[in-house]
Amino acid sequence: MKEGREANLLETVSMAVPNIRKNRPLIHHITNYVTANDCANIVLAAGGSPVMADDPEEVEEMVSLAGCLVINIGTLDTRTVEAMLRAGARARERGAPIVLDPVGAGATGMRTRTAERIIRELSPEVIRGNLSEIRTLAGSAERTLGVDSTADASQAEEVAGRLSRELGCIVAVTGRIDVVAGGGRLSLIRNGDEMLSRITGGGCMCSSLVGTFCAVMPDRFAGAAAGILVMGVAGEIARERLLPGEGTGSYRFRIIDAVSRMSAETILARGRVS
Amino acid sequence: MKEGREANLLETVSMAVPNIRKNRPLIHHITNYVTANDCANIVLAAGGSPVMADDPEEVEEMVSLAGCLVINIGTLDTRTVEAMLRAGARARERGAPIVLDPVGAGATGMRTRTAERIIRELSPEVIRGNLSEIRTLAGSAERTLGVDSTADASQAEEVAGRLSRELGCIVAVTGRIDVVAGGGRLSLIRNGDEMLSRITGGGCMCSSLVGTFCAVMPDRFAGAAAGILVMGVAGEIARERLLPGEGTGSYRFRIIDAVSRMSAETILARGRVS
Amino acid sequence: MKEGREANLLETVSMAVPNIRKNRPLIHHITNYVTANDCANIVLAAGGSPVMADDPEEVEEMVSLAGCLVINIGTLDTRTVEAMLRAGARARERGAPIVLDPVGAGATGMRTRTAERIIRELSPEVIRGNLSEIRTLAGSAERTLGVDSTADASQAEEVAGRLSRELGCIVAVTGRIDVVAGGGRLSLIRNGDEMLSRITGGGCMCSSLVGTFCAVMPDRFAGAAAGILVMGVAGEIARERLLPGEGTGSYRFRIIDAVSRMSAETILARGRVS
């Protein structure tokens, strides 16, 4: 038996799964072209309805139809940054949640400045990144090498807690152990598999799932935890289902398989949240 | 035994399959970055040769080599819209067919206006969309939510027939039952599977197949029907081949598998056209 | 027993495999949106760390972190061409190798001119293309139809040898038999499978592997041969592992599977280099 807060969070997350499939929230992405297909497919697998649109001329109208805006700076450029700011301002007016994935913050000044500007101007409800991205945004002096990194849980707890207090939003750091912090709450999620770091888009898909859950969960802390937990559980199931001789190519589609078959029961049985 | 017009259309479609594999027509796409990879792979699976090129400076030259131009406005921007218009004008001069996929028409003014402008300036031979996209272009007062929708066949018949008469081109509405209308002809296609609505790119890939068949079939009505029918049959085969525990991730690659193995015999045996 | 130069090259290539997994070199890509996901996944499968970044404002900083720059002109535009030139100039200053994939050179003037300009201004260490692309760059009068072509080995040897002498770099022509030429050396690689020509991204992924190996191998001739050989061996293994009824969709992920499980032993056992 899982008890107390942990049980409550798992319960809340598990109930959101059929809710997404019933309501099919539209998740507007302004995202990178490398993993856009993966993000669209994982949102559909979860039961949401993804749309990618990034021209400044149309994003305000598109986001007006959406249940959530996911901003991912993975292959940002001047035009899409303008679209992010415009769409975000409109989302704020409407009260639609914004999820920011600050891909590569710290790797280049442009990425760091863009992430900081989005935070300052749009106040996203949730920021999800790896440890070095979140450290960069929290003002820790560190330089990111690439877009993947293994997270040290205690550092992640400290930095997520600090940034979430400073910004008054939910901050999630994913890594070996995932950390969600915000509103005086802190959760550690121990699902996932090391193979997730050997495919592209693991972080991006996680952020898209966070956005999909936030579209139906007014409690954004629970929404962030839900997306991360479902990604982690799917990563475990995909690993278990690998056949002899299969590798990272098979692992990728088995993640989408697992999300498309995710049930409340699976989340209750497998979720490792504290 | 299938008889009459249905048998004729199936026969025509089935004969085009080896024809594509023999002639490997170049299919020039100006399309979105979300499903471009899926579109390229399905064209290759059918035996065609895809090329994606969208810079205004080069599209006229590229389309001069092509057997068909597929215009998909899924992630349009100012630059690519200019490329669509330039490439389309050159395709018209050469007599190469143009297939338009008006992704998200009705969702934003920019998409609706762009689709209308392409229709006005380029007179595409075939327009393929879902019901709400085609309703938007036919001037029906309705707002699209997202890019997926389930089609109501009788509405689809009415609106496809009306728009095809108005524009003098082939109009196809895909949904639970697919409708192809144009030149005084109307066909209903009853192939497909509901899982096609749970992956991204089902519509885009269908349009790319329509373009691939139109490149080798002077009868564009038959070309449109062929692409839609092959997509639907592949969607059925993919579903049948799913193993226990598999979901939408596996479904995606099994569609490409089915197209790459599609034979004239399979089309004759499975096609449900009336 | 394999002997002499062939054995030496295979030995060198095989030793690089664990070296990549240990050092995880960052491979900066400025590439097309059609196959960017495939390229990222194959670099990760080989053990490298891919990053795609193409805004002129950030590429110099990003490439400063990279072990190799891969420039692929598959869906070039004015903005990304500027990024290629800036990133390349910085890579040159730092001594990081540059790999050029001149996708579609010969198909349009813009592609031919861009490839020529990159060669002139950046002097890439390795150029990898299909026969018609390399013939175009070598000044042979031929027009490319699309981006796929079957290579004639003796023509490939002649043209690769000539262009490599003219430019003083490594030139690789991939086709039925792959040719690597440069620095007075010439190798033929007889791995691969015809199914590689029936998926998109075979050439792009090959160039990304070349870049990944060049990041850890100071001998760029061996680096080019390594990437091509690993791609070819993976293409063979993927074919052998296809189950009855599977097609090009399954073939694609089985290639990534094979690269993610590639070992020095497999390369020594299967490599067919002369």
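How many residue pairs are in polar contact between chain A and chain C, counting pairs with both at pLDDT 80 or more? There are 17 of them. Keep in mind as we go that this is a predicted model.

Let's stay with that contact for a while. On one side chain A puts in 34 residues, and on the other chain C puts in 31. Between them the two chains bury about 2600 Å², and carbon and sulfur atoms account for 49% of that. If you want to know which elements of chain A do the touching, look at helix H5 (109-122) and helix H10 (248-260), the elements that give two or more residues to the side facing chain C. H10(A) has the largest share there, with five residues. Sorted by class, this side of chain A has ten nonpolar residues, 15 polar ones and nine charged ones.

Now for the charged pairs. Side chains of opposite charge can pair when their charged atoms come close. Between chain A and chain C, the count is three salt bridges. One of these joins Asp77(A) to Arg79(C), at 3.3 Å from N to O. Another links Glu57(C) with Arg113(A), where the closest N and O atoms are 3.0 Å apart. It's worth seeing where the two ends of that second pair sit: Glu57(C) is in the loop between strand E2 (49-52) and helix H3 (59-63) of chain C, while Arg113(A) belongs to helix H5 of chain A. For the wider picture, the count over all chains comes to 63 salt bridges.

How are the chains related to each other? A turn of 120 degrees, with a shift of 0.0 Å along the axis, lays chain A on chain C with an RMSD of 0.0 Å. That is the relation of a three-fold axis. The residue of chain A that comes closest to the rotation axis is Tyr33(A), with its C-alpha at 3.4 Å. As for the surfaces involved, the copies use different ones, since 6% of the contact residues of chain A recur in chain C.

Step round to chain B and chain A. Chain B can be laid on chain A by a turn of 120 degrees and a shift of 0.0 Å along the axis, with an RMSD of 0.0 Å. Of the residues of chain B, Tyr33(B) comes closest to the rotation axis, at 3.4 Å for the C-alpha. Here 34 residues of chain B are in contact with 31 residues of chain A. The buried area is about 2600 Å², with 49% from carbon and sulfur atoms. Which three residues of chain B supply more of the area that chain B buries against chain A than any other three? They are Tyr33(B), Val34(B) and Gly245(B), which together supply 21%. So Tyr33(B) turns up twice: in that trio, and as the residue of chain B closest to the axis.

The polar side of this interface is quickly told. Three salt bridges cross between chain B and chain A, among them the one where Asp77(B) meets Arg79(A) at 3.3 Å, N to O. There are also 17 residue pairs in polar contact, both at pLDDT 80 or more. On the chain B side, helix H5 (109-122) and helix H10 (248-260) are the elements giving two or more residues, and H10(B) has the largest share with five. By class, that side of chain B has ten nonpolar, 15 polar and nine charged residues. Only 6% of the interface residues of chain B are also interface residues in chain A, so the copies meet through different surfaces.

H10 has another thing to show you, this time involving three chains. Phe253(A), Phe253(B) and Phe253(C) form one aromatic cluster. Over all chains, the count comes to three aromatic pairs.

Finally, a look inside chain C. Asp193(C) is found in the loop between strand E8 (185-189) and helix H8 (202-214). Its side chain reaches the backbone nitrogen of Met195(C) at 2.8 Å. Leaving aside residues up to four places away in sequence, Asp193(C) touches Gly235(C), Glu236(C), Arg239(C) and Tyr251(C). Thr108(C), 85 residues from Asp193(C) along the chain, has its C-alpha 28 Å from that of Asp193(C).

Methods. Residues numbered from 1 in each chain as written. Chains lettered and ligands numbered in written order. Predicted model: local features only at pLDDT ≥ 70, side-chain atom pairs only at ≥ 80, totals over all residues. Heavy atoms only, no water. Contact = heavy atoms within 4.5 Å. Buried area = accessible area lost by both parts, 1.4 Å probe. Salt bridge = Lys/Arg side-chain N within 4 Å of Asp/Glu carboxyl O. Polar contact = N/O pair within 3.5 Å; in protein donor to acceptor, adjacent residues only side chain to side chain. Helix = DSSP H or I, 4+ residues; strand = E, 2+ residues; numbered from the N terminus. Nonpolar A, V, L, I, M, F, W, Y, C, P; charged D, E, K, R; others polar. Least-squares fit on C-alpha atoms with pLDDT ≥ 70 in both. Phe/Tyr/Trp six-rings, centres within 6.5 Å; stacked < 30°, edge-to-face > 60°.
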